Amino acid sequence: MENSAVDAPHPKKEGSAVNPYTMACEQFDCAARYMPELKRGLIEDLKHPRRIVRVEFPLETDNGSVTTVTGYRVLHNRARGPGKGGIRFHPRTDEDEVRALAMWMTWKCAVLDLPFGGAKGGVTCDPKQLTEGELRRITRRYILELGDNIGPYTDVPAPDVNSDAKTMAWVFDTYDMMHPGDSNLAVVTGKPVDIGGSLGRLGATARGCLMVTRRLIEKGLLPGARSLEGLSVAIQGFGKVGREAAQLFADAGARIIAVSDSESAIYARGGLDIGAVASHKRQTGKVAGLADTMTLTNDELLGLECDILMPAALQGQITAQNATQIKARMVVEAANGPITPAADRILAQRGIPVVPDILANAGGVTVSYFEWVQNIEHDNWSEDLVDRRLAERMHSATDAVVARRAEINANLKSLSQAPCKVPGLESESKDGLPPADLRIAAYVLAIHRVATVTMERGIWP
């Protein structure tokens, strides 16, 4: 998410299956309406990826059978720097999902003002059904097939769903074998610390999420609250991001009342012992069944009364079908694209603020950037330094998004009167644009930064 959310429920349905790329384009178009200065052609260009690579290769399994594996790597934009984005292994991964994730990475890097563009990789497979040896062979062959489509200064992978530091070590080793004699550490981030990984990388997505949420609460986003102390939090997902976020928010004084995995959720009104949940999960493979907790479905978790709801699973979890059932006072997107545009509008109408993914879960890619810098400079930073610089980045980005929202809303009348240049939306009602929320503000900030650099560089040739 560079974040890793395993144990994630399948995306919900919204009429037909939610298409993440359609979601990403609709979010972009919605924000572009607030940017009348954009050229019409540039609006369309910024949505399109620069490169889509699809690879297919055979895998000989441990039982001697042979199966064909499909993988993708999408480079969305390189205006501000090399592509950056994780590699996920999931049975439902397809080209549209990877395209959407690459686009979201472009805006995420721009919101944090990182010198990267967006990219993403995915392999369609089920790691739960694979041995470690099979997953290692898939990873190595996938990187071999990508060839020079990745590189320290072109496109830099990282962990994502169902991949981790061990996977990134395989990625590095494979690429290093393909480029002997070069300095290759910076080709991938999220590596083990022993081979160039950064201290503070593990859990960085969750820490960044905590920093952003706490900053926004301090700024009054949640009426009646000025800190996390005593606030109730429900977390959908108990993978690496959800589990770490649960512990961090609990340590900050919040009461974690529910968590979930792909099968079910558990609830305790007085608060869960996160260490006990993690231990039970390790022993049994699921969160359900922990003593003194009530078992719920994932849908029931989403509808719990709480101060903060945190989707930390996969995209498309909150849709038009269940948005009316959300009882949280605030939603924080720890996953990528967990709320559909239709659900976004419903939550806005109901006065429920949403902290968007391109801000909330950007801690992972930020510390990945720190790792990349350390590798380029052949340096090692202390964990305290990493944490301080992460806090500086997350706070600065949060403040910039809040300021951009205020600026947009102060000029809402003139923006509403400007001609709409977004293809397909020209004939929309001229009753005026609705006030910008945090997602609109974050997108406008990100798109402006990418568009400005694009025009300053000039359209080549």
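## A guided tour, starting at strand E7

Begin by selecting strand E5 (residues 83–84) together with strand E7, and you will find that the two run parallel and are joined by two bridges. To see one of these pairings at the level of residues, pick Gly 83, whose bridge partner in E7 is Gly 117. As you look, keep in mind that this is a predicted model.

Stay with E7 and show the whole strand, residues 117–124, which is mostly covered, since seven of its eight residues are buried. Add strand E6 (residues 87–90), which runs parallel to E7 and is joined to it by four bridges; here Arg 88 has Gly 122 of E7 as its bridge partner. Then add strand E4 (residues 66–75), which pairs with E7 in the antiparallel sense over six bridges, and zoom in on Leu 75, which stands opposite Ala 119 in E7. If you turn on side chains while you are here, it helps to know that in a regular strand they alternate between the two faces of the sheet.

Now move along the chain to the loop between helix H3 (95–111) and E7, where Asp 113 is found. What is the sign of phi at Asp 113? The angle is positive, about 60°, although Asp 113 is not a glycine. Most residues other than glycine have a negative phi. Asp 113 counts as partly exposed because its relative accessibility is 40%, a value that lies between the limits of under 20% for buried and over 50% for exposed.

A second residue of this kind can be selected next: Asp 292, in the loop between helix H8 (274–284) and strand E12, has a positive phi of about 65° and is not a glycine either. Is Asp 292 buried or exposed? With a relative accessibility of 78%, Asp 292 counts as exposed.

From E12 you can go on to an open sheet of seven strands, which has mixed pairing and follows the order E12-E11-E10-E9-E13-E14-E15. Its edge strands are E12 (294–296) and E15 (354–355), each of which pairs on one side only. Within the sheet, select strand E10 (residues 255–260) and strand E11 (residues 265–267), which run antiparallel and are joined by three bridges, with Ser 260 standing opposite Ala 265 in E11. Then show helix H7 (residues 240–251), which lies across E9 (232–236), E10 and E13 (308–311) and runs at about 170° to E9.

Next, find Glu 305 in the loop between helix H9 (298–302) and E13. Glu 305 counts as exposed, because its relative accessibility is 59%. Leaving aside neighbours within four places in sequence, Glu 305 is in contact with Ile 257 and Lys 327. Select Arg 329 as well: this residue is 24 residues from Glu 305 in sequence, while the C-alpha to C-alpha distance between them is 8.2 Å.

For an internal feature, turn to the cavities, of which the structure holds two of 30 Å³ or more. The second largest has a volume of about 50 Å³, and the residues lining it include Ala 32, Arg 33, Met 35, Leu 415, Cys 420 and Lys 421. Sorted by class, this lining has eight nonpolar, two charged and no polar residues.

End the tour in the segment after helix H15 (438–457), where Pro 461 is found. The peptide bond that leads from Trp 460 to Pro 461 is cis, with omega near 0°, whereas most peptide bonds are trans.

Definitions and conventions: Residues numbered from 1 in each chain as written. Predicted model: local features only at pLDDT ≥ 70, side-chain atom pairs only at ≥ 80, totals over all residues. Heavy atoms only, no water. Buried < 20%, exposed > 50% of the residue type's maximum accessible area, 1.4 Å probe, protein only. Pairing = 2+ DSSP bridges. 1 Å grid on protein atoms, 1.4 Å probe; cavity = no way out; pocket = protein on both sides within 12 Å on 5 of 7 lines; lining within 4 Å. Points joined across faces, edges and corners; volume = space filled by probe spheres on them. Nonpolar A, V, L, I, M, F, W, Y, C, P; charged D, E, K, R; others polar. Contact = heavy atoms within 4.5 Å. Axes fitted to C-alpha atoms, helices over the stretch in contact; angles between N-to-C directions.
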